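Visitor: Could you take me through this protein, please?

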Amino acid sequence: MRKYEDTYQHKGLRKQLVSLLREKGITDENVLQAINNIARHYFLDPVFDKTAYEDRAFPIGEGQTISQPYTVAYQTQLLQIKKQEKVLEIGTGSVYQSTVLAEMGAWVFTIERQKKLFNTYKDFYFKKKYPNIKFFYGDGFEGLLTFGPFDKILITAAAPHIPPKLVAQLKPGGMMVLPVDEGESQRMLRITKLEDGTFQEESFDLFSFVPMLTGRNG
Ligand code: SAH
């Protein structure tokens, strides 16, 4: 049985990570606080116990990764999360990003297309602490029609285009943050749905994500 411990050393490493994220330009205090509060090493294999607080992505199985902390912070900051908002996340992976959103007080609906990852991570360590995360096995391109519309939508895999069904599931005034493919890397976009149903698009930095794939796998 794995023994989970959040030691002073882990907490110290987390503080250093938060300082680094500040230096890299993250300013949303609620995002930084959430990252400071969450034991990221609990989401990773024990071999990454200390390296968990380096600012890098790690393998989580099935060819997938837990996103780099800077990427998690960057996407979350762009979303301007407020307490009680309904947030749809595409790409549950390790549940780390979902936990950051839940720690900030959002209601999180997260979809994973890989059955094995879904089964492994839906029973993650902090399940009882965050009843505001709901897990779904399915294809993120479809969204969650019966649970929408959402205040915010976050895609954590490289999207080939802006998925139209997801735009449709945004509330008026709602926002979607997603990395869209530009060949080698992806451009971070923020889509804001206006009251008249049209949307406004803003573009930000380049990132590198695993691909968003169609259909379920399992
Ligand atoms: N948010 C995750 C990052 C996971 S990496 C974390 O914090 O750990 C991206 C994830 O998106 C992978 O688990 C991959 O299987 C999933 N994914 C890719 N395409 C998808 C789709 N169409 N629908 C749902 N999940 C998808």
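Guide: What follows is a short conversation about the overall form, one helix and two pockets. The model is predicted, so local features need pLDDT of at least 70 and side-chain atom pairs count only at pLDDT 80 or more, while totals for chains, interfaces and linings use all residues. Residues are numbered from 1 along each chain as its sequence is written, and side-chain values use heavy atoms, with hydrogens and water left out.

Visitor: How many helices and strands are there in the protein?

Guide: The protein has 6 helices and 9 strands. Helices (H or I, at least four residues) and strands (E, at least two) are DSSP runs, numbered from the N terminus.

Visitor: What radius of gyration does the protein have, against that of a compact globule?

Guide: The protein has 16 Å, which agrees with the value near 17 Å for a compact globule of 218 residues. The radius is taken over C-alpha atoms, and the globule rule is 2.2 Å times the number of residues to the power 0.38. Of the 218 residues, 51% count as buried, meaning under 20% relative accessible area with a 1.4 Å probe and protein chains only.

Visitor: Turning to helix α2, which of its residues are buried?

Guide: In α2, residues 29-37, the buried ones are V31, L32, A34, I35 and N36. Their cover includes α1 (8-23), α3 (69-79) and α4 (96-103).

Visitor: And which residue caps the N-terminal end of α2?

Guide: D28 does, with a side-chain oxygen 2.9 Å from the backbone nitrogen of N30.

Visitor: Now the pockets. What is the volume of the largest pocket?

Guide: About 520 Å³. A pocket is an open set of points on a 1 Å grid over the protein atoms alone, where a 1.4 Å probe fits, with protein on both sides within 12 Å along at least five of seven lines; lining residues have an atom within 4 Å of a point. A volume is the space filled by probe spheres set on the points, which are joined across faces, edges and corners.

Visitor: Which residues lie nearest its centre?

Guide: Of the 36 lining residues, Q64, T65, T156, A157 and V210 lie nearest the centre of the largest pocket. Strand β2 gives the most to this lining, with 3 residues.

Visitor: What about the second largest pocket: which residues lie nearest its centre?

Guide: Those are R2, Y4, Y42, F43 and Y121, from a lining of 16 residues. The second largest pocket has a volume of about 230 Å³.

Key:
Buried means under 20% relative accessible area, exposed over 50%, partly exposed in between (1.4 Å probe, protein chains only). Contact means heavy atoms within 4.5 Å. A polar contact is a pair of N or O atoms within 3.5 Å; within protein, one must be able to donate a hydrogen and the other to accept it, and residues adjacent in sequence count only if both atoms are side-chain atoms.
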